[in-house]
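Below is a briefing on one protein chain, arranged by topic. It starts with a loop residue and works outward to the cores and cavities.

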Amino acid sequence: MDIQDQLHDQLSRRNFLGQASAGLGTIALASLLNPTNLFGGTGPGVDSPGENPAVGKPHFPPKVKRVIYLFQSGAPSQLELFDYKPKLEAMWGQDLPASVRNGQRLTGMSAGQSRFPLAASKYKFAQYGPSQMWISELLPHTARIANDLTFVRSLHTEAINHDPAVTFFQTGSQQAGRPSLGSWVSYGLGSDNQNLPSFVVLLSKGRDGDQPLYAKLWSNGFLPSVHQGVVFRSGPDPVYYLNNPPGIDKSSRRRMLDYLGKLHQEQFKHVLDPEINSRMAQYEMAYRMQTSVPETLDISKEPDYIFDMYGPDSRKPGTFAANCVLARKLVEKDVKFVQLYHQGWDQHGNLPNDIKIQAKSVDQPSAALIQDLKQRGLLDDTLVIWGGEFGRGAYSQGKLTRDNYGRDHHPRAFSVWMAGAGVKKGMVYGETDDFGYNVVKEPVHVHDFQATILHLLGVDHEKLTFKSQGRRYRLTDVHGNVVKPLLA
């Protein structure tokens, strides 16, 4: 039976793809695909392909062309880094006033405590820049670029535990299955480099045993799978199964893809599944990436002054510092959205020691990235974001001493910073109370923050929608406002 007969007999996609690419390694490109849709099925993107196709055009003139998001997974303590609260020192060891907590729910890790003693940061703060923003001694390199930073000290979120909070920040929902921020950007704006994905993910660890990260955070959700984030790893295989298998050279892969493309076209005539074309686009991208990825990820030719700028860890593949260098190289190649995840910030105990180590691993490379982009003229149209999924509470979790304490999760108020295109430099927006516990001025919800990022990219967050299972979805769900005072 020939292929045409097989198509008319309505063979499943599993059989079709299996026979079309058997032995040629294309199925192994699953790392570039949505694993839940690898062999087709009736996912929401198939049932309802959406009424707002990606056209690669913003809704209005953008101020930002590219985004680098330095996500600090595990929730860094704003009270040790950015939000100076002398009141905590004055009331050290005293109980958090009930009027401040106001019945806020706590995690199971501290809800059973009989007391909630206030813990001042062990570390000193100083003021920097024209706006006199407070920055901890733990971040000396960040302090030197204070004039380039825009701080938001009044972020608040809805989730109190890591997994739903990270998922909410990255996808706009606490439940898995929604497209990530980078996927929405890829879907709405397309790609500026046909040889690299528009959405790239880089991972690093500050310490072992911290909160895990899952592929749902860079998933395309119900969007076409071509918009899924592609993880670039350190080592000889930065993208799994990208290289040709033994016995297959570049010309053989090219012939195989040409024939596979014809078969996909025939299948599409009968099935009308948009994922067929999306998958073929991914195969073609993988083919082009075989040349572009090794070249882009090779940092061995970087001059010594670059490694000196980013710090000694920048020579070690897979570190946060090395990934910051790669992020700069990727935006030089016009990758639209680069997402770095750095683990190690979940410090419920031994916080003074652990946060010192963690801050040192990110301080110099984060500041160097801003300086490097600036000296190349890339900061003029690139937005850099630094922050985690929520903050840390003002009281000590567990035993409190002058040299040792912990802090539990705190979704009510925390800090992030931005730098680069479209935002006001040297600005502090928002304010918390004397305990760093509640927002008292200019609150910014996670959806507001997401709406502002999209706005800087020229996208109206209310118009960037996709119809799935009878409902139009968007990143910001059903609410969110652009924080206009942040805009330059």
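D334 sits in the loop between α13 and β7 (337-343). In this predicted model, the phi of D334 is near 70 degrees, a positive value in a residue other than glycine. The relative accessibility of D334 is 26%, so D334 counts as partly exposed, above the 20% limit for buried.

**Backbone and loops**

- D334 comes just after α13 in the chain.
- N350 also has a positive phi without being glycine, with a value near 55 degrees.
- The loop that holds N350 runs between β7 and α14, and N350 is partly exposed at a relative accessible area of 33%.
- A111 belongs to the loop between α6 (98-101) and β2 (125-128), and its relative accessible area of 45% makes A111 partly exposed.
- A111 and D408 are 297 residues apart along the chain, yet their C-alpha atoms are separated by 9.8 Å.
- S173 is placed in the loop between α8 (162-171) and α9 (181-189).
- With a relative accessibility of 7%, S173 counts as buried.
- Not counting residues up to four places away in sequence, S173 touches T167, F168 and R178.

**Helix α13**

- Helix α13 covers residues 320-332, 13 residues in total.
- From first C-alpha to last, α13 reaches 18 Å, close to the 18 Å expected at 1.5 Å a residue.
- Of the 13 residues of α13, 12 are buried, so the helix is largely enclosed by the rest of the structure.
- The buried residues of α13 include F320, N323, C324 and A327, and also the charged residues R328 and K329.
- L340 is in contact with F320, N323, C324 and A327, among others, when neighbours within four places in sequence are left aside.

**Nonpolar cores**

- In soluble globular proteins, nonpolar side chains tend to be buried together.
- The largest nonpolar core here has 56 residues.
- Those with the most contacts inside this core are I68, L70, F232, V338, L340, V384 and W417.
- Helix α14 (residues 351-375) gives the largest share of this core, nine residues.
- A second, separate core has 52 residues, including V166, F390, L486 and L487.
- The contacts of L340 also include I68, Y69, L70, F71 and L202, again leaving aside neighbours within four places in sequence.

**Cavities**

- Three cavities of 30 Å³ or more turn up in a search of the whole structure.
- The largest cavity has a volume of about 40 Å³.
- Its lining consists of P76, Q78, L81, F82, W386, G388, F390, G391, F414 and S415.
- Two elements, α4 (78-81) and β11 (414-420), give two or more residues to this lining.
- By class, the lining of the largest cavity has six nonpolar and four polar residues, and no charged ones.
- F390 appears both in the lining of the largest cavity and in the second core.

**Whole chain**

- The chain has 15 helices and 17 strands.
- Buried residues make up 58% of its 488 residues.
- Among contacts with a separation of 6 or more, 79% are accounted for by residues 24 or more positions apart.

Note on methods. Residues numbered from 1 in each chain as written. Predicted model: local features only at pLDDT ≥ 70, side-chain atom pairs only at ≥ 80, totals over all residues. Heavy atoms only, no water. Helix = DSSP H or I, 4+ residues; strand = E, 2+ residues; numbered from the N terminus. Expected span 1.5 Å × (residues − 1). Buried < 20%, exposed > 50% of the residue type's maximum accessible area, 1.4 Å probe, protein only. Core = buried A, V, L, I, M, F, W, Y, C linked by side-chain atoms within 4.5 Å. Contact = heavy atoms within 4.5 Å. 1 Å grid on protein atoms, 1.4 Å probe; cavity = no way out; pocket = protein on both sides within 12 Å on 5 of 7 lines; lining within 4 Å. Points joined across faces, edges and corners; volume = space filled by probe spheres on them.
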